Amino acid sequence: MNYEAVIGLEIHVQLATKSKIFSGASTAYGAEPNTQACAVDVALPGVLPVLNKEAVHMATKFGLAIDAEVAHRSVFARKNYFYPDLPKGYQISQFELPIVGKGHIDIELEDGETKRIGVTRAHLEEDAGKSLHEDFAGMTGIDLNRAGTPLLEVVSEPDMRSAAEAVAYMKKLHSLVRYLEICDGNMQEGSFRCDANVSVRPRGQQEFGTRAEIKNINSFRFVERAINHEIERQIDLIEDGGEVVQETRLYDANKDETRSMRSKEEANDYRYFPDPDLLPVVIDDKYLDEVRGELPELPDQKKQRYMDEFDLSAYDAGVLTGSRELADYFETVAAKTGDAKLSANWVTGELAARLNKEEVEITDSKVSAEEYAGLISRIKDNTISGKIAKEVFDAMWNGEGSADEVIESKGLKQITDTGAIEAMVDEVIANNPEQFEQLKGGKDKLMGFFVGQVMKASKGKANPAQVNELMRKKLNS
Amino acid sequence: MSDYHEKTLAELSTLLQTGEVSSSALTEYFLSRIKQQDAELNSFITIAEDQAMAEAAEADERLKSGNTSALTGIPIAHKDIFCTRGIKTSCGSRMLDNFISPYDATVVNNFKQAGVITLGKTNMDEFAMGSSNETSFYGAVKNPWDTKRVPGGSSGGSAAAVAARLAPAATGTDTGGSIRQPAALCGITGLKPTYGRVSRYGMIAFASSLDQGGPMAQTAEDCALMLNAMAGFDEKDSTSIEKEVPDYTADLNHSVNGLRIGLPSQYFDEGLDDNVKAVIQTAIDQYRDMGAEIVDIELPNTSLSVPVYYVVAPAECSANLSRFDGVRYGYRCEDPKDLYDLYTRSRGEGFGAEVKRRIMVGTYALSAGYYDAYYLKAQQLRHLISDDFKKAFESVDVIMGPASPSTAFNIGEKAEDPISMYLSDIYTIAVNLAGVPGMSVPVGFVDGNPVGLQIIGNYFEESRLLNVAHQYQQQTDWHRQIPDSFK
């Protein structure tokens with residue numbers, strides 16, 4: 001049978017506030033255990049939470065950016081369960097009345113089509129601490145530095161139909177929160193975490209299948225693998241006459257498998273109720289207008305502008321606007337070179353490939369936008385060919401200097417002197433008389449051979465267009 | 001031997017300001033009274049002698065330098081629900097028997113800023129859950145008027161200590177009557193302010209939407225002086241209200257001529273002891289004689305208040321008390337074999353029966369499938385109860401009635417009968433559900449046991465309540481009575 005997957009994601013976005021959502025303690029990552037946990041975070045008797053306004057501000061920005069309704073009144077609720085790294089015995093979250101209501105995020109599919117993914121809601125909540133199971137023989141250590149860190153949990157509709165779509169959605173959301181500067185997006189440090197709800201159904205069937213929730217998948221690659229694995233597991237199960245049970249599963253990246261954590265029957269009754277220590281969050285239209293005024297140009301708007309203004313393809317514009325940092329890089333290069341299209345080709349081509357290969361973020365690129373613009377300018381003014389430019393770029397990446405310095409020191413300047421090129425053409429023809437006769441006789445394929453030989457003789461420095469032109473002239477003479 | 005214990009807080013303030021007594025002498029005097037006479041009452045859990053004497057020495061410096069408030073140098077006691085830095089803060093529970101708070105509650109800090117000395121921490125029902133002070137891990141408190149009887153609860157230690165003049169005044173908290181009922185049963189004056197008037201920061205939470213701290217003292221004037229220090233917006237408490245704090249002593253001398261007093265028929269029903277009713281009636285007659293107008297009113301939803309309270313308060317407490325898990329502080333069971341064992345035995349052994357009962361009731365009320373029927377319904381009914389008061393205050397200035405349906409009952413009498421115990425708060429609970437302020441003022445005795453008149457005001461009308469109580473106290477001396485064995 002032919003199956004279709006149905007996927008919804010719950011993504012925890014750690015908000016980049018300086019202090020915690022309900023206390024004044026710092027949210028900085030990596031401090032000594034329990035040095036960033038104040039009386040409120042430790043849940044001493046008698047302490048009370050006070051809402052961090054900046055967390056509300058960031059959630060509001062997000063809501064407006066996904067075209068969602070930002071609630072005029074939202075309510076914090078207590079989610080009750082016992083766990084050693086949950087100091088109060090309840091998590092302050094939002095339940096019935098979240099701050100962000102229905103919105104949407106558009107993703108680009110592999111075939112270039114755009115697909116709209118619904119966002120059901122996004123709510124504010126506090127993170128728990130960490131349980132440390134190593135280093136304490138037979139015991140568990142508790143680090144409450146993370147306790148109380150603000151999270152925005154973004155819940156999607158079950159609108160995705162493949163792991164690739166899920167990854168595209170996750171990447172788009174990741175890019176969006178970085179555009180909005182509400183999250184540092186650092187997945188290794190857990191600033192952007194994903195749970196996936198996955199089910200399968202025979203293609204054409206309307207009802208959803210029973211879903212499994214895969215917890216805490218913390219990289220784009222793992223999301224794709226975990227979901228694909230889970231889809232396969234469920235299909236195999238059904239094909240073998242079994243039934244998918246509603247449960248929570250944990251993805252093990254080392255073994256590349258998901259395994260059951262707890263079933264529906266074991267699920268907690270969280271006994272949500274409005275937190276009497278906190279007042280409802282009231283947001284008026286004036287505040288919404290203010291925040292709307294602060295929104296930066298968002299990825300979709302930027303992409304459209306690149307297409308309109310720079311005449312870029314949807315694909316290139318999409319790649320360049322994939323992150324705010326990459327877009328900023330590109331815009332600097334384009335402004336300096338005065339050639340957006342050429343700049344786009346080189347940013348999405350050589351640079352992107354290098355970053356990818358070296359697993360380096362654009363912000364850590366060893367060639368700055370200004371330096372890269374220097375290289376592209378030399379292509380544009382015919383000082384070097386594209387092929388030579390790649391060699392120059394390698395040298396620049398390795399810290400051998402600016403484009404001009406590398407071209408100079410390596411003598412890579414393109415040969416545009418017609419006389420010099422013609423001499424090389426003549427020499428190549430003289431060395432390959434038989435092939436030249438065949439070319440003359442109509443074997444056009446050999447043209448490439450001759451151009452190649454000349455380029456080789458010039459060590460790549462000859463202008464290929466000139467070589468072509470001279471060869472043609474020789475044939476016709 | 002001096003007679004400082006016969007003085008009101010206001011009188012002691014004058015003695016301090018004029019230099020007739022030092023704070024050190026006064027503090028020593030009350031510490032020694034506590035040490036000599038509290039064995040009979042069990043009203044203190046902790047006596048903070050060293051800290052108190054150090055604070056008194058500082059206060060004396062302040063008194064010399066002139067940098068003072070009316071309260072500088074006055075020693076008081078804090079209910080053991082308020083966190084006090086460096087002093088055990090047990091909340092009457094085995095769970096916190098080993099807990100020394102690393103910080104001061106806002107109320108405690110406010111008093112420190114004013115130069116007030118902390119004599120010690122008073123006994124209370126465990127986590128403020130009780131109406132008799134019998135649920136304390138530290139044993140029952142005895143009523144100084146008759147030590148076979150309860151002092152009321154949950155602020156029973158504070159009430160008994162003030163009634164026996166072991167402290168000139170004390171703090172209390174009131175979730176369903178925990179200031180007013182013990183004040184009534186011990187013959188002292190107690191005020192529960194409007195919800196949000198006094199910061200809850202550092203006051204160990206029982207039921208967050210109902211808890212409110214307030215003063216317990218001999219007179220309305222003393223309560224006014226205390227409230228001046230206690231009240232105010234606190235940025236650490238989101239439910240505290242950003243509203244200017246008046247000088248609560250300013251209106252004390254206003255006349256009550258023309259005051260409209262509402263008597264709700266529901267507060268004088270068959271559940272009220274006839275003798276108590278007669279004493280209350282006499283007090284109301286006295287107000288009439290002073291020129292007040294007595295109006296019969298209705299608070300039709302009063303009967304709902306006990307059931308609503310016993311859903312809302314346990315629900316909130318079930319979550320509030322989850323932090324006591326044996327992990328970070330407080331009681332931890334011996335040799336837990338795993339996490340589940342750590343939780344269940346620490347909580348099972350650390351909490352007493354009444355606390356467990358309420359946690360279980362609250363957990364049940366919030367459970368999936370029951371939430372709508374209990375918690376949500378209770379919150380809806382709570383609005384009806386508030387509306388009763390709003391409507392009543394359209395036609396009257398204050399509401400009066402008994403603070404308790406009877407005088408103090410015997411220790412052990414109701415301990416095994418929670419329903420009968422819960423009903424002893426029938427006249428006080430609605431005030432917490434609505435959030436309005438209420439007082440209890442001593443207005444006489446039945447067979448040697450004090451009776452308290454409850455005065456209820458509109459939101460933020462503490463000044464009026466204190467004025468109304470003060471005017472009565474200008475004409476009577478019930479508030480100056482001291483039990484024989486503590487004279």
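Modeller: Helices (H or I, at least four residues) and strands (E, at least two) are DSSP runs, numbered from the N terminus. This is a predicted model, where local features need pLDDT of at least 70 and side-chain atom pairs count only at pLDDT 80 or more, while totals for chains, interfaces and linings use all residues. Residues are numbered from 1 along each chain as its sequence is written, chains are lettered from A and ligands numbered from 1 in the order in which they are written, and side-chain values use heavy atoms, with hydrogens and water left out.

Colleague: Thanks! Where in chain B does Ser154(B) lie?

Modeller: A cis peptide bond joins this residue to Gly153(B), with omega about 5 degrees. As for its place in the fold, Ser154(B) sits in the loop between strand S3 (117-122) and helix H5 (156-163) of chain B.

Colleague: Which three residues supply the most of the area that chain A buries against chain B?

Modeller: Contact (heavy atoms within 4.5 Å) links 31 residues of chain A with 38 residues of chain B. Together the chains bury about 2,700 Å², 60% of it on carbon and sulfur atoms; buried area is the accessible area (1.4 Å probe) that two parts lose on being put together, summed over both. A share of 23% of what chain A buries there comes from three residues, more than from any other three: Pro45(A), Phe82(A) and Arg271(A).

Colleague: Which side chain of chain B meets Asp277(A) in a salt bridge?

Modeller: A salt bridge is a side-chain nitrogen of Lys or Arg within 4 Å of a carboxyl oxygen of Asp or Glu. Between chain A and chain B the rule finds one. At 3.0 Å, N to O, the partner of Asp277(A) is Arg200(B).

Colleague: And which element gives the most to the side of chain A that touches chain B?

Modeller: The interface has 15 residue pairs in polar contact, both residues at pLDDT 80 or more; such a contact is a pair of N or O atoms within 3.5 Å, and within protein one must be able to donate a hydrogen and the other to accept it, while residues adjacent in sequence count only if both atoms are side-chain atoms. On chain A, helix H1 (39-42), strand S3 (76-80) and strand S14 (273-274) each supply at least two residues of the side that touches chain B. With three residues, the element that gives the most is H1(A).

Colleague: How far apart are the centres of domain 1 of chain A and domain 2 of chain A?

Modeller: The assignment (bounds from an automatic or database source) gives chain A domain 1 (3-289), domain 2 (297-410) and domain 3 (418-476). Taken over C-alpha atoms, the centres of domain 1 and domain 2 of chain A are separated by 35 Å.

Colleague: How many salt bridges does the rule find across the interface of domain 1 of chain A and domain 2 of chain A?

Modeller: Side chains of opposite charge can pair when their charged atoms come close. Lys303(A) and Glu108(A) meet in a salt bridge at 2.3 Å, N to O. Across the interface of these two domains of chain A, the salt bridges found number four.

Colleague: How many residues apart in sequence are the parts that Tyr81(A) and Tyr270(A) tie together?

Modeller: The whole structure holds 35 aromatic pairs over all chains; rings of Phe, Tyr and Trp (its six-membered ring) pair if their centres lie within 6.5 Å, with planes under 30 degrees apart stacked, over 60 edge-to-face and the rest tilted. Tyr81(A) and Tyr270(A) are edge-to-face, 5.7 Å centre to centre with 70 degrees between the planes. Tyr81(A) lies in the loop between S3 and strand S4 (90-94) of chain A and Tyr270(A) in the loop between strand S13 (257-263) and S14 of chain A, so the pair ties together parts whose separation in sequence is 189 residues.

Colleague: Last one: what is the phi of Arg271(A)?

Modeller: Arg271(A) is in the loop between S13 and S14 of chain A. Although Arg271(A) is not a glycine, its phi is positive, at about 45 degrees.
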